[in-house]
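Notebook open, coffee poured. I want to jot down what I look up in this one, entry by entry.

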Amino acid sequence: MDDIKTLSDVPQLSKSYIIPHNQSLSKPYGLVFYTTKDRSGAQEEALTVMKALEQLKMTVFANCWDNFDDMRECLSEKVARLKDDCCFLRVSIMAHGFKGHVIGDDGSQGQLNDLIRVIDLELEPSIPVVSLT
């Protein structure tokens with residue numbers, strides 16, 4: 001992780017991100033958060049995403065969520081536990097919603113930007129946060 005921090009300050013690499021070849025001290029993780037209400041095939045879809053991430057040699061965790069605030073808290077706790085040896089993190093949020101928002105099975109809703117902010121606050125500054133919302 002110290003190497004990642006050091007390389008993140010090198011000007012000619014500032015537009016690049018380097019994932020360490022030797023991942024014995026830092027590893028890539030994948031988090032899959034999904035809802036099932038009115039989403040037939042949601043569990044199968046989540047499993048497909050998990051398998052794809054595992055093929056990329058990521059350690060993957062999944063969570064079926066109902067309430068937005070509970071999911072945000074779970075995401076924060078998971079990232080806090082992973083951050084010390086995380087060189088790359090892929091988070092998939094799978095749910096119904098509307099532009100920039102997701103809706104939980106219980107009708108609760110929240111902004112995707114809130115989730116991105118949670119991740120950004122937990123990770124080291126040398127780990128870039130990229131949003132594809």
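**Contact range.** I started with contacts in the protein chain between residues at least 6 apart in sequence, and 71% of them join residues at least 24 apart. Note to self: this is a predicted model.

**Elements.** Next I listed the secondary structure: the protein chain has 4 helices and 6 strands. Read from the N terminus, the order is α-β-α-β-α-β-β-β-β-α.

**Burial and surface.** I checked the 133 residues of the protein chain, and 32% are buried. Since that label depends on the cut-off, I'll write it down: buried means under 20% relative accessible area. The accessible surface of the chain comes to about 8,400 Å². Carbon and sulfur atoms account for 50% of that surface.

**The sheet.** In what order do the 3 strands of the open sheet run? I get β4-β5-β6, with antiparallel pairing. β4 (96-98) and β6 (109-111) stand at the edges with a single partner strand each, so each has one side without a neighbour in the sheet. I also looked up the twist: neighbouring strands here are turned by 30° against each other on average, direction ignored.

Then I went into the pairing of β5 with β6. Strand β5 covers residues 101-103 and is joined to β6 by 3 bridges, the two running antiparallel. His 101 has Gln 111 of β6 opposite.

**Helix on the sheet.** What lies across β5 and β6? That turns out to be helix α4, residues 112-122, and α4 runs at about 60° to β6.

**Main core.** I pulled up the largest nonpolar core next, which has 18 residues. Leu 31, Met 71, Leu 75, Val 79 and Leu 89 have the most contacts inside this core. Which elements each supply at least two residues of it? I find β1 (27-34), α3 (68-82), β3 (86-94) and α4. The largest share is from α3, with 5 residues. Background reminder: nonpolar side chains tend to be buried together in soluble globular proteins.

I clicked on Val 79 to see its partners. Leaving out residues up to four places away in sequence, Val 79 touches Leu 31, Leu 89, Ile 119, Glu 122 and Leu 123.

**Second core.** Last entry: there is another core, separate from that one, with 8 residues. Among them are Tyr 34, Met 50, Val 60 and Met 94.

Methods
Residues numbered from 1 in each chain as written. Predicted model: local features only at pLDDT ≥ 70, side-chain atom pairs only at ≥ 80, totals over all residues. Heavy atoms only, no water. Buried < 20%, exposed > 50% of the residue type's maximum accessible area, 1.4 Å probe, protein only. Contact = heavy atoms within 4.5 Å. Areas by Shrake-Rupley, 256 points an atom, 1.4 Å probe, with all protein chains shown as cover. Pairing = 2+ DSSP bridges. Axes fitted to C-alpha atoms, helices over the stretch in contact; angles between N-to-C directions. Core = buried A, V, L, I, M, F, W, Y, C linked by side-chain atoms within 4.5 Å.
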